[in-house]
Amino acid sequence: MEKGYRRKRGTRQIPDDEVITLENVTKSYSTGAPALNGVSLHIKKGEFVFIVGDSGSGKSTLIKLLLRELVPTDGEITVLGYNLRKIKHSKIPKFRRNLGIVFQDFRLLKDRNVYENVAFAQRIVQTPTREIKRNVPSILATVNLAGKYKNKINQLSGGEQQRVALARALVNKPTILLADEPTGNLDPNNSWEIMKLMEQINENGTTVIVVTHNREIVNAMKKRVITMKKGVIIEDEEEGMYIDED
Amino acid sequence: MRISSFFYTIGQGFKNLGRNKWYTLASIATISACLFLFGLFYSIITNFENVVKTAEEGVSVTVFFNEGTSEEQILAVKSDLEQRAEVREIVYVSADDAWEDFKEEYLGEYADGFTENPLADSANLQIYLNDVSLQGALVTYIESIDVVREVNRSEVTANTLSGLNVLIAYISAGIIIILLLVSIFLISNTVTMGIAVRKDEINIMKYIGATDFFVRAPFVVEGIIIGIIGSIIPLVIIYFVYTNAIAYVVSRFTMLSTLLNFLPVSIVYNKLVPISLAIGIGIGFFGSFTTVRKHLHV
Ligand SMILES: Nc1ncnc2c1ncn2[C@@H]1O[C@H](COP(=O)(O)OP(=O)(O)OP(=O)(O)O)[C@@H](O)[C@H]1O
Ligand SMILES: [Mg+2]
């Protein structure tokens, strides 16, 4: 990454292998209490992290800050060496090309087929057509959709749609995969399939951050678990568990 | 930009046209209607201007001289007048020429009875002007020359023609400006609709890391295509209307057609095609570019 990656931040220097750094980050919307309140967080390259917590505890807000969809009210966020509070508008596209993003509601283009939805991501970053034709079938095979590349989106099950979204997020080979409740609309079998795929992607070196309410999966996978409540991190453990409230 | 991205952007521009068909059709129809009116108007104006110009070229001032003025004196006046900017051409008609013309026109063989030129003092200068509006000033000047006996002019025609020219210029400018504003407004509506319909897509594009340019370009391409189609349709229609109308007028009103000298369609189209295309592409580009900028906040 760029030089700024090693820049000093207060007294602490960001280590080489740290891809996400939050220092005392606060995010207030125009109304109500802050959605995030003085959050500090460090994530290393290649980690798999679950973020759990009550509804309204600030998980989506955190994801949006990492995407630079939102700007923090206070504190510093550094992702892959980019200071997201200071980043220039014109640099944002370049920054986002390092991220893969998956949402609960899939957000696919319904008027196009599976192949076109994945190729779309490559078009946007101006990959040559020759490479698109090679990359898209290969990533569709990874998510077990090789046979359905011609299907329209509304001819797919929810699980299949989320796998298309995952393929689209991965085709540009992101350094970090961000998923906000990727299994929120899926049944247990499909949820497991998506989680297993993300684990596989993580094993190939991609840093994966998953927001989820799926207690069973979190407890079974034995990954780092960050628990949030009312805008603060109340628990952050390796091989953590989805702890019960109160 | 890569070649493949360039073609992708162009392709997306075309696909956008189909994604909101009705608005596309509405914009094309309006631009076409505006440019049709413009083209029709332009054809009529250029023909009218041609008629005016032909008429102007015929407008002349005839100067007669006092009895006994020598040819040298007349030629001196001629070369003096030729220095003036508004003078296009001066024809010297000697007394003998005048008599020859007269004989030919009115007397025929009866002319043999005359041994002397009865029009001895009718030598004159016929002055043709560059700019008929300056005729008054010229006449005043000529009347002040002492050897001049009389100046014949066609003041009414000259004033009417120059007045008409100014009027035509104002009316054309006014109509064209109104048509342009209407078209820009409509294109901008089409693009706004397109953006609303494709809000999710634009959102996804931004998450994936599309540059502002890449998000905007297809909409601008869409606007330009609408502009091009919207200018070609009226050009084709006017072509047929124009050629058929001329053929009809010429065959039905033979007398009129000798009076009015219609311009061939190729001469009119020499300028109308580039102007129409430029206007069409211009409003397509301008309308979509400004609208995208306003609505995307990318
Ligand atoms: N755009 C907004 N404007 C105002 N307040 C907001 C906005 N988005 C979120 N909030 C508030 O911020 C707090 C955190 O919201 P956030 O969406 O981050 O929660 P969450 O942990 O993702 O919840 P869930 O599990 O239900 O998705 C909530 O109190 C919410 O009402
Ligand atoms: Mg949420």
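The exercises below, each with a worked solution, concern a predicted model with chains A and B.

Residues are numbered from 1 along each chain as its sequence is written, and chains are lettered from A in the order in which they are written. Local features need pLDDT of at least 70, side-chain atom pairs count only at pLDDT 80 or more, totals for chains, interfaces and linings use all residues, and side-chain values use heavy atoms, with hydrogens and water left out.

**Exercise 1. The interface**

Task: describe how many residues of chain B and chain A are in contact, and find which residues of chain B lose the most area to chain A.

Solution. Begin with the contacts (heavy atoms within 4.5 Å): 19 residues of chain B touch 23 residues of chain A.

Next, take the buried area, which is the accessible area, found with a 1.4 Å probe, that two parts lose on being put together, summed over both. For chain B and chain A this comes to about 1,900 Å², with 58% of it on carbon and sulfur atoms. On the side of chain B, the residues that lose the most area are B:I204, B:Y207 and B:I208, which together account for 38% of what that side buries.

Then look at the polar side of the interface. Six residue pairs, both members at pLDDT 80 or more, are in polar contact between the chains; such a contact is a pair of N or O atoms within 3.5 Å, where within protein one atom must be able to donate a hydrogen and the other to accept it, and residues adjacent in sequence count only if both atoms are side-chain atoms.

Now sort the touching residues of chain B by element, remembering that helices (H or I, at least four residues) and strands (E, at least two) are DSSP runs numbered from the N terminus. Helix 1 (3-19), helix 7 (199-208) and helix 8 (212-252) of chain B each give two or more residues to the side that touches chain A, and helix 7 gives the most, with six residues.

**Exercise 2. A salt bridge across the chains**

Task: find which side chains form the salt bridge between chain B and chain A, and state which residues of helix 7 of chain B are buried.

Solution. A salt bridge is a side-chain nitrogen of Lys or Arg within 4 Å of a carboxyl oxygen of Asp or Glu, and the count between the two chains is one. In that bridge A:R112 meets B:E201, at 2.6 Å from N to O.

In helix 7 of chain B, the residues B:E201, B:I202, B:I204, B:M205, B:Y207 and B:I208 are buried, a word that stands for under 20% relative accessible area, whereas exposed is over 50% and partly exposed lies in between (1.4 Å probe, protein chains only). Just past this helix comes B:G209, whose phi is positive, near 110°.

**Exercise 3. Two strands of chain A**

Task: explain which parts of chain A the salt bridge of A:R224 and A:D236 ties together.

Solution. The two side chains meet at 2.9 Å, N to O. Because A:R224 lies in strand 11 (residues 224-229) and A:D236 in strand 12 of chain A, the pair links parts that are 12 residues apart in sequence.

The partners also have their own settings: A:R224 is buried, with a relative accessible area of 7%, while A:D236 is partly exposed at 36%. Strand 12 (residues 232-237) also holds A:I234, which is partly exposed at 44%. Leaving aside neighbours within four places in sequence, A:I234 is in contact with A:T227, A:M228 and A:K229.

**Exercise 4. Is A:R163 buried or exposed?**

Task: answer the question in the heading, and find which residues surround A:R163.

Solution. Locate the residue in helix 5 (residues 158-170) of chain A. Its relative accessibility is 8%, so A:R163 counts as buried.

The side chain of A:R163 reaches the backbone oxygen of A:N144 at 3.2 Å. Neighbours within four places in sequence set aside, A:R163 is in contact with A:V143, A:N144, A:L145, A:E193, A:I194 and A:L197.

**Exercise 5. The domains of chain B**

Task: state which residues belong to each domain of chain B.

Solution. The bounds come from an automatic or database domain assignment, which gives domain 1 (3-55 + 160-294) and domain 2 (60-153). The C-alpha centres of these two domains lie 52 Å apart.
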